Amino acid sequence: MARNQKLTGVIQGRTIADMHQEDGKLAIHFMDGSTMTVKIAGQAPADGVGGTIKAVRQKGTTLNLDLVDGRTLSLQTVEPTASVMVRDKNHTLEYAD
Amino acid sequence: MKAPLTSVCLVGLGLAMIGSGMACRSAGTVAPPPPPVRTPGPPAVLPEQPAPGTMARNSPPILPDPNLTPGDTLDVTLEDVCTPGYSRKVRHVPIEVKRQVYAEYGIRHHRPGEYEVDHLISLELGGSNSIRNLWPESFETQPWNARVKDALENELHRLVCSRQLDLRTAQQEIATNWIAAYKKYFHTDRPRARDRGRSAPQETAETDTTSEGAAAEGNVQVWVNTRSGKYFRPGMRHYGKTKEGQFMSEAEAIRQGYRAAKGD
């Protein structure tokens with residue numbers, strides 16, 4: 001599974017403060033105030049809080065968030081593209097797909 | 001003030017919905033969106049009869065099939081799309097998705113520079129990378145082709161960011177019929193000469209079904225390094241050779257914020 005270099009460059013080193021799923025969207029809030037929203041199919045993993053992003057890998061509808069502690073949060077997006085967006089604490093767009 | 005835009009089903013609602021059975025999407029829908037499986041449509045055909053004189057060839061589409069490509073937008077604001085460098089924040093379309101686009105339009109082989117996988121609603125107008133917003137657009141059809149649409153995209157972006165045109169209106173018009181939109185905003189029935197580009201790209205011996213863009217006059221096909229943000233012209237050492245990158249026209253590279261590599 002290939003690394004998503006662009007998204008990795010944006011969120012690498014950020015620590016997950018909270019994860020919240022609603023209406024088919026998963027909102028991952030980071031400690032620095034930024035938020036990543038992912039349009040997901042099904043349930044999101046619940047054990048990501050406290051983890052720090054090491055890398056992002058993506059293939060098809062699978063989006064893997066590799067954490068520094070060795071865990072991987074595996075998300076299923078609704079489609080291979082157009083499912084992920086990151087905004088910083090000022091709501092400025094940092095990444096979109 | 002930021003006014004979030006919702007993802008909407010933009011094109012010919014009747015045509016698109018009846019033909020494909022796809023649900024019109026909106027942000028914040030309660031039910032999960034349907035899987036991104038497109039109903040196969042007729043290969044490489046026009047969704048409607050073009051105006052007389054709009055098509056010189058029979059096979060390449062000059063308008064997308066609304067069943068396959070109704071258009072799709074990101075949840076972005078006017079401020080987002082009018083921020084310099086916005087397009088560079090958007091992920092590139094994965095090659096697997098591009099291949100799927102070609103396949104669904106029945107295009108199995110094509111020469112370098114013959115087509116690009118185009119965002120029907122352009123990135124700079126908030127278009128998304130969803131396959132519902134992608135179609136194979138020819139550089140070779142005359143007079144309407146990818147370069148002509150590029151000119152329209154630039155003009156609509158200029159109008160939107162100068163507050164002369166509503167973003168959602170621009171999205172709807174380019175998605176509904178980009179040729180009609182061109183005629184409306186450029187006040188002409190035919191593309192301006194400077195927008196048409198050359199009719200055929202440079203011939204190459206190799207067939208590369210993944211490369212895009214055209215080495216055409218005034219619109220050279222360059223290789224962009226999607227990691228460094230630089231682009232390379234033909235003949236440069238890193239042209240087509242960086243680990244991450246893609247081909248696109250030089251105009252598109254500049255519009256997306258890439259910088260020309262020096263020396264090399």
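**Exercise 1. The sheet of chain B**

How many bridges join strand β3 (residues 221–225) of chain B to strand β4 (residues 230–232) of chain B, and do these strands run parallel or antiparallel? Place the pair in its sheet.

*Solution.* The model is a predicted one.
Step 1. Between β3 and β4 of chain B there are three bridges, and the two strands run antiparallel.
Step 2. One residue pair fixes the register: B:V224 has B:Y231, in β4(B), as its bridge partner.
Step 3. The pair belongs to an open sheet of four strands in chain B, ordered β5-β3-β4-β6, with mixed pairing.
Step 4. The edges are formed by β5 (246–249) and β6 (259–260) of chain B, each of which pairs on one side only.

**Exercise 2. The make-up of chain B**

Describe the order of elements in chain B and the character of its contacts.

*Solution.* Step 1. Chain B contains eight helices and six strands.
Step 2. Read from the N terminus, these elements follow the pattern α-α-α-β-β-α-α-α-α-β-β-β-α-β.
Step 3. Of the 264 residues in chain B, 45% are buried.
Step 4. Among contacts in chain B with a separation of 6 or more, 68% link residues 24 or more positions apart.

**Exercise 3. The nonpolar cores**

Identify the residues that touch the most other members of the largest nonpolar core, and the helix that gives the most to this core.

*Solution.* Step 1. The largest nonpolar core has 61 residues, and B:V101, B:L125 and B:I174 touch the most other members.
Step 2. Its main contributor is helix α4 (residues 146–161) of chain B, with five residues.
Step 3. A separate core of 10 residues includes B:W223, B:F232, B:M248 and B:A253.
Step 4. Residues up to four places away in sequence being left out, B:L125 touches B:V81, B:E153, B:L156, B:H157, B:V160, B:L167, B:A170, B:Q171 and B:I174.

**Exercise 4. Two helices of chain B**

Compare the span of α4(B) with the expected value, then list the buried residues of α4(B) and of α3(B).

*Solution.* Step 1. With 16 residues, α4(B) reaches 22 Å from its first C-alpha to its last, close to the 22 Å expected at 1.5 Å a residue.
Step 2. Buried in α4(B) are B:A146, B:R147, B:V148, B:K149, B:D150, B:L152, B:E153, B:L156, B:H157 and B:V160.
Step 3. An α-helix has 3.6 residues a turn, so residues three or four places apart point the same way.
Step 4. In helix α3 (residues 95–104) of chain B, the buried residues are B:V97, B:K98, B:V101, B:Y102 and B:E104. Their cover includes β1 (115–119) and β2 (134–138) of chain B.
Step 5. A positive phi follows each helix: about 75° at B:G106, just after α3(B), and about 60° at B:R163, just after α4(B).

**Exercise 5. A hairpin in chain A**

Determine how β6(A) and β7(A) pair, and which residues of β7(A) are buried.

*Solution.* Step 1. Strand β6 (residues 62–67) of chain A pairs with β7(A) in the antiparallel sense over five bridges.
Step 2. Opposite A:N64 stands A:S74, in β7(A).
Step 3. Four residues lie between the strands of this hairpin, in which A:G70 has a positive phi near 100°.
Step 4. Side chains alternate along β7 (residues 72–76) of chain A: A:L73 and A:L75 are buried and point to one face, whereas A:T72, A:S74 and A:Q76 point to the other and are not buried.

**Exercise 6. A loop residue of chain A**

Is A:D32 buried or partly exposed, and which residues beyond its sequence neighbours does A:D32 contact?

*Solution.* Step 1. A:D32 is in the loop between β3 (25–30) and β4 (35–39) of chain A.
Step 2. A:D32 is partly exposed because 13 other C-beta atoms lie within 10 Å, and a residue counts as exposed at 12 or fewer and as buried at 20 or more.
Step 3. With neighbours within four places in sequence set aside, A:D32 contacts A:R14 and A:K89.
Step 4. A:T15 is 17 residues from A:D32 in sequence, and their C-alpha atoms are 7.8 Å apart.

**Exercise 7. The interface**

Characterise the side of chain A that touches chain B.

*Solution.* Step 1. The interface brings 18 residues of chain A into contact with 24 residues of chain B.
Step 2. On the side of chain A, α1 (5–11) and β9 (93–96) are the elements that give two or more residues. The largest share, four residues, is that of β9(A).
Step 3. By type, this side of chain A has eight nonpolar, four polar and six charged residues.
Step 4. As to confidence, chain A has a mean pLDDT of 94, with 100% of its residues at 70 or more.

Technical notes. Residues numbered from 1 in each chain as written. Chains lettered and ligands numbered in written order. Predicted model: local features only at pLDDT ≥ 70, side-chain atom pairs only at ≥ 80, totals over all residues. Contact = placed C-beta atoms within 7 Å. Core = buried A, V, L, I, M, F, W, Y, C linked by C-beta atoms within 7 Å. Nonpolar A, V, L, I, M, F, W, Y, C, P; charged D, E, K, R; others polar. Expected span 1.5 Å × (residues − 1). Pairing = 2+ DSSP bridges. pLDDT = per-residue confidence, 0-100.
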